[in-house]
Amino acid sequence: MSSRDASRYAKFLLSFPSLRALLSVNLLLELIISIFILVSCHILRRVPQTLILFFSPTLYSISIYEGFLRGDRILTLRRLLALQSIQEILYTMLVSIGCLLTFAFGQSPCSTIFFMISIGVALSSFISTLVMLGFLRRKTLIILTISLLYAFLQSSRWLILSLILVESWIKIILPLATSFSLCLLFSFTVGLKWEKYSSKNPLEIFKAYLEYYLNKNPEPFETIIEEMSSKEDLALSLLLLIPQAGESLSIFGLSAHFGPFGMIGSSSLPSRLIGEFENNGLRIVLLRNLSDHRFNLPSWRQVEKIREKMMEALSSAEYLEECRASIIQEEAEGYCITAIRICSYCIVLLSCPGYSVEDLPPEWLPVFSDIVSRHGLTTLIVADAHNSIDSSNWKVSEPNREILSRLLHNALEILKKVPQKDLKIGFNRIRPATLPEDEIGPGGISTLVFNTGDENHVLILIDGNNMVSGLRNYLVNNLKSLLNISTLEIITTDTHLLTGIRKSRKGYFPIGFKTGRELILQSCLESINIAMKNLSPCSVKVWIGRVDGVKVTGEIFNIFENFVEYCDRVIRILFFAIILMNALLLSFL
């Protein structure tokens with residue numbers, strides 16, 4: 001699903017301010033409507049008691065909540081009053097338009113204004129019924145009954161005034177009936193559309209999403225996604241570096257994607273695993289093999305399978321006879337390859353700093369692994385650096401696999417000729433308080449220094465989702481000029497823990513979007529210096545295997561996004577259909 005998730009369709013209801021502010025807004029809108037009506041319809045001045053009708057909707061909203069919705073964790077009183085605010089704003093706009101039409105064309109003010117009010121009754125009833133269908137976790141028949149009662153009570157002021165002014169109730173009841181009928185049509189239409197994807201009720205899926213979004217409870221939504229997911233066997237590998245001084249460092253490579261968003265599924269996997277492993281005295285770095293959103297894990301239950309396999313890998317990894325390494329970096333035409341050879345094993349980092357790029361496709365993984373194999377090495381990890389996105393327009397380009405393949409071939413040819421040297425390893429992880437928490441996750445900045453003889457090779461891993469274009473090159477060039485570094489690559493974890501942020505146009509902030517370059521540079525510099533001080537000779541263990549039968553989401557979130565867009569189109573069509581139908585029907589009455 002897009003990081004600008006489905007919450008945007010109910011943003012007003014999800015983020016409106018306090019109860020006191022809502023009550024004040026509603027009463028103010030009701031007062032404005034009453035003034036418009038009194039000015040336009042002189043007959044009401046003879047019946048001042050009718051003024052009380054204009055202030056009845058707030059009382060009705062509170063009564064409906066106390067009678068039917070009290071204790072509901074989704075459609076709270078605050079959100080119900082926010083719904084009423086939308087309706088009052090709609091009525092205010094339509095009454096204003098009616099007044100303008102009266103003055104512009106000299107028509108009868110009462111009939112013109114009540115024509116617009118009748119349209120408002122239809123639209124507001126349609127909106128309120130849709131909201132209750134989406135928000136209330138009850139049987140559909142009960143929801144429809146509550147929504148019909150709510151719509152009738154909210155429209156009762158217009159029904160009474162209609163009897164006083166135009167001596168007809170049909171102009172209010174008819175719009176109510178048409179809007180309710182079209183809501184039933186909407187439910188039937190979207191249900192029919194969803195049947196080809198799943199037997200699950202689409203409203204139940206939306207309600208489970210709201211339970212996560214509003215109450216921070218991911219369990220119902222994860223359960224539904226998990227039921228719709230399919231099983232895959234995911235590649236997992238481990239390079240365990242054991243320094244003579246300090247704690248061991250586990251570098252894992254995993255063919256999974258760290259999404260879809262927030263706390264759902266594997267979104268928080270990189271930083272959460274860090275917390276769990278380091279609480280047990282284990283240092284861990286998790287690199288993402290080439291993968292995309294099809295390889296999101298649907299729930300933490302599936303992530304637990306990964307964690308258990310990682311623990312098994314740590315206990316069964318095999319020692320290599322020696323710990324010698326060589327590292328080379330090849331860069332051309334906006335692409336960069338970093339090849340890390342440790343004995344007969346190889347870690348490959350793919351970077352596209354000259355382009356705006358999203359996830360490199362998992363279909364490329366066998367291609368690069370085959371290139372490594374043809375050079376007599378065993379592929380350990382082929383990681384996507386995920387370090388360049390154009391945040392000015394969010395346009396992405398298709399990366400050129402042939403150029404990356406050629407660079408990898410050249411790098412491996414050079415590695416054949418470069419003698420391997422004894423390896424020293426240094427590691428540091430920092431989480432500077434000065435870095436924004438909605439841009440850089442709890443995993444902070446992790447730095448690995450590989451020292452081979454008189455050369456230092458640095459890998460910096462930042463816990464975030466991509467990086468603004470140009471920042472990677474800025475950091476690499478400045479850090480190389482400040483420190484004695486032979487090769488340097490900066491990659492991101494691609495965590496989606498911070499995805500789904502309302503204030504961001506794209507739903508997330510890539511690294512460097514909010515934070516100044518100099519601040520990130522200083523944080524990286526601090527981490528590298530500490531890691532270099534921790535350099536120590538090490539021994540090495542290796543493990544390569546798979547995690548069998550892990551559920552992944554596949555195309556589920558693309559289906560969700562397409563379905564939400566379909567529902568959006570249907571709602572817009574029905575919205576205009578309500579206006580047109582009621583305008584035609586009312587013009588003949």
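## Charged pairs and two lone cysteines

Let's start with Glu211, which is buried, its relative accessible area being just 5%. This is a predicted model, and the briefing below looks at how its charged side chains pair up and what its cysteines do. In total there are 27 salt bridges, while the number of disulfides is zero.

**Salt bridges between distant parts of the chain**

- Buried Glu211 has a partner: its side chain forms a salt bridge with that of Arg73, at 3.2 Å from N to O.
- Arg73 sits in the loop between α4 (56-69) and α5 (77-105), whereas Glu211 belongs to helix α9 (residues 202-215), and the two are 138 residues apart, so this pair links distant parts of the chain.
- Another salt bridge joins Arg429 and Glu278, with 2.2 Å between the closest N and O atoms.
- Here a strand meets a helix: Arg429 is in strand β9 (residues 421-430) and Glu278 is in helix α11 (residues 269-278), so parts of the chain 151 residues apart in sequence are tied together.
- Glu278 is partly exposed, at a relative accessible area of 31%, whereas Glu211 is buried at 5%.

**A salt bridge within one helix**

- Lys416 and Glu413 also make a salt bridge through their side chains, at 3.8 Å from N to O.
- Both residues are in helix α14 (residues 401-417), and because they are three residues apart there, about one helical turn separates them.
- Lys416 is partly exposed, with 49% relative accessible area, and Glu413 is partly exposed too, with 28%.

**A salt-bridge network**

- Which residues are linked in a network of salt bridges? Arg272, Glu276, Glu304 and Arg307 are.

**The cysteines**

- With zero disulfides in the structure, Cys323 is in none, and the nearest cysteine sulfur to its own is that of Cys538, 3.6 Å away.
- Why is there no bond for Cys538? The closest cysteine sulfur, in Cys323, is 3.6 Å from the sulfur of Cys538, which is too far, because a disulfide needs the two sulfur atoms within 2.5 Å.
- Are these cysteines buried or exposed? Cys323 is buried, with a relative accessible area of 8%, and Cys538 is buried as well, at 12%.

Methods:
Residues are numbered from 1 along each chain as its sequence is written. This is a predicted model: local features need pLDDT of at least 70, side-chain atom pairs count only at pLDDT 80 or more; totals for chains, interfaces and linings use all residues. Side-chain values use heavy atoms; hydrogens and water are left out. Buried means under 20% relative accessible area, exposed over 50%, partly exposed in between (1.4 Å probe, protein chains only). A salt bridge is a side-chain nitrogen of Lys or Arg within 4 Å of a carboxyl oxygen of Asp or Glu. Helices (H or I, at least four residues) and strands (E, at least two) are DSSP runs, numbered from the N terminus.
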